[in-house]
Amino acid sequence: LKNEAKDLIQGARDLKTLQDLRVKYLGKKGPITEVLRGMGKLSKEERPVIGQLANDVRASIQEAIDGKQGILENEAIEARLASETIDVTLPGRISSPGNHHPLTAVIEEIEDFFIGLGFSIAEGPEVEKDYYNFEALNLPKDHPARDMQDSFYITEELLLRTHTSPVQARTMEKHKGKGPVKVICPGKVYRRDTDDATHSHQFMQIEGLYVDKNVRLSDLKGILTAFAKKMFGEERQIRLRPSFFPFTEPSVEMDISCFHCNGEGCSVCKRTGWIEILGSGMVHPNVLEMSGFDSKEYTGFAFGMGPERIAMLKYGIDDIRHFYTNDTRFLKQFKRA
Ligand code: PHE
């Protein structure tokens, strides 16, 4: 019995087999237990001899199993270590890190410039109340200038905002009549336009608003001049042309000198040497008052620009739809700075 057991134990290939053998030979139903149970039937002389023998057999089987168990456990650990080894000499997998979307890059560049001048960033909802999108901006219901911006209405009182200017009103309300207010507001806007190379029903704007005591048109001009030089190069010149927006008085549009033709005139600037890049003006007293500011004490300027247009001019992109169709051949050309 002892030899038979030892052979089987030596031959065991894994811990499960070994455990089965342990049960088979040493378990409650095993042969040794049976012998020990039958001791009562033996004579006085036989008992110690048989008892001794059974105990010896049991001890040596036990020993064989314990020994084998140690060996198998070691083997299992070795096998695991071997299978979990990392081959540090394998070449890495090259993953594509992606890059900034050109629009994101331009927006961040614009934000950085204004943050550097002490502006902070404000946001507002894209589904906007008619009140903030128009009324609080001096565009009462039935005002003809509402037609300048074809709107997506959701209900009579709710629409997709047509510009980021409602964030002006919302931000001033939050300041409860106390300046300074100095924010830029980037975000998506929506207009009922037919999409083509220069129009999109959804695009982005960055609004700027600076309200304080003694803010003047010359402050607007100074800041926007510095901005144009930062975005388009030191040699850039700007000019302000009179314009009209119901929420600013006076209103101006800003042109920059064309860099595609060095101001000589080309198709990009329609041969004028200048390109329009944003609308702006001094915040209309009605707008200040409606949002809780005393227009005798406070003045301010506001501007609104389209980052798509700025990115198109800066990088020579000829179709606004490139920004939204996510063709990687287009996107890959703009590496993270
Ligand atoms: N909201 C105007 C537009 O979308 C731009 C603008 C903003 C003009 C702020 C003046 C002041 O055309």
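This passage describes strands, surface features and salt bridges in a predicted model.

Residues are numbered from 1 along each chain as its sequence is written. The model is predicted, so local features need pLDDT of at least 70, side-chain atom pairs count only at pLDDT 80 or more, and totals for chains, interfaces and linings use all residues, while side-chain values use heavy atoms, with hydrogens and water left out.

Helices and strands are DSSP runs (H or I, at least four residues, for helices; E, at least two, for strands), numbered from the N terminus. Strand S5 spans residues 181-190. Eight of its ten residues are buried, so S5 is largely enclosed by the rest of the structure. Here, buried means under 20% relative accessible area, exposed means over 50%, and partly exposed lies in between (1.4 Å probe, protein chains only). S5 pairs with strand S1 (residues 120-121) in the parallel sense, over two bridges. Pairing requires at least two DSSP bridges between two strands. Isoleucine 121 has isoleucine 184 of S5 as its bridge partner. S5 also runs antiparallel to strand S6 (residues 202-212), and ten bridges join the two. Valine 189 is bridged to phenylalanine 203 in S6. In a regular strand, side chains alternate between the two faces of the sheet.

Helix H7 covers residues 166-175. Its buried residues are Pro166, Val167, Gln168, Ala169, Thr171 and Met172. Lysine 176 follows just after H7 and takes a positive phi of about 50°.

A nonpolar patch lies on the surface. Val127, Ile154 and Leu158 form this patch, with about 230 Å² of accessible area together. Patch members have over 30% relative accessible area and no salt bridge; like charges are joined within 9 Å, and nonpolar side chains (Val, Leu, Ile, Met, Phe, Trp, Tyr) within 5 Å. Accessible areas come from the Shrake-Rupley method with a 1.4 Å probe, and for residues only the protein chains shown count as cover. Leucine 158 belongs to strand S4 (residues 158-160). Leucine 158 counts as partly exposed because its relative accessibility is 30%.

Glu249 is covered by the UniProt annotation "binding site", from an unreviewed entry. UniProt positions follow the numbering used here, feature names are shortened, and annotations may be inferred rather than shown by experiment. Glutamate 249 sits in strand S8 (residues 248-257). With 48% relative accessibility, glutamate 249 is partly exposed. Neighbours within four places in sequence aside, glutamate 249 is in contact (heavy atoms within 4.5 Å) with Met282 and His284.

The structure holds 15 salt bridges. Each is a side-chain nitrogen of Lys or Arg within 4 Å of a carboxyl oxygen of Asp or Glu. One of them joins aspartate 66 to arginine 22, with the closest N and O atoms 3.6 Å apart. This pair links distant parts of the chain: aspartate 66 is in helix H4 (residues 46-84) and arginine 22 in helix H2 (residues 15-26), 44 residues apart. Aspartate 66 is partly exposed, at 40% relative accessibility.

Arginine 239 forms a salt bridge with aspartate 255, where the closest N and O atoms are 2.9 Å apart. Strand S7 (residues 238-245) holds arginine 239 and S8 holds aspartate 255, 16 residues apart. Arginine 239 is partly exposed at 31% relative accessibility, whereas aspartate 255 is buried at 3%.

Arginine 321 pairs with aspartate 319 in a salt bridge, and the closest N and O atoms are 2.9 Å apart. Arginine 321 is partly exposed, at 36% relative accessible area; aspartate 319 is buried, at 15%. Asp130, Glu135, Lys141 and Glu157 are joined into one network by salt bridges that share partners.
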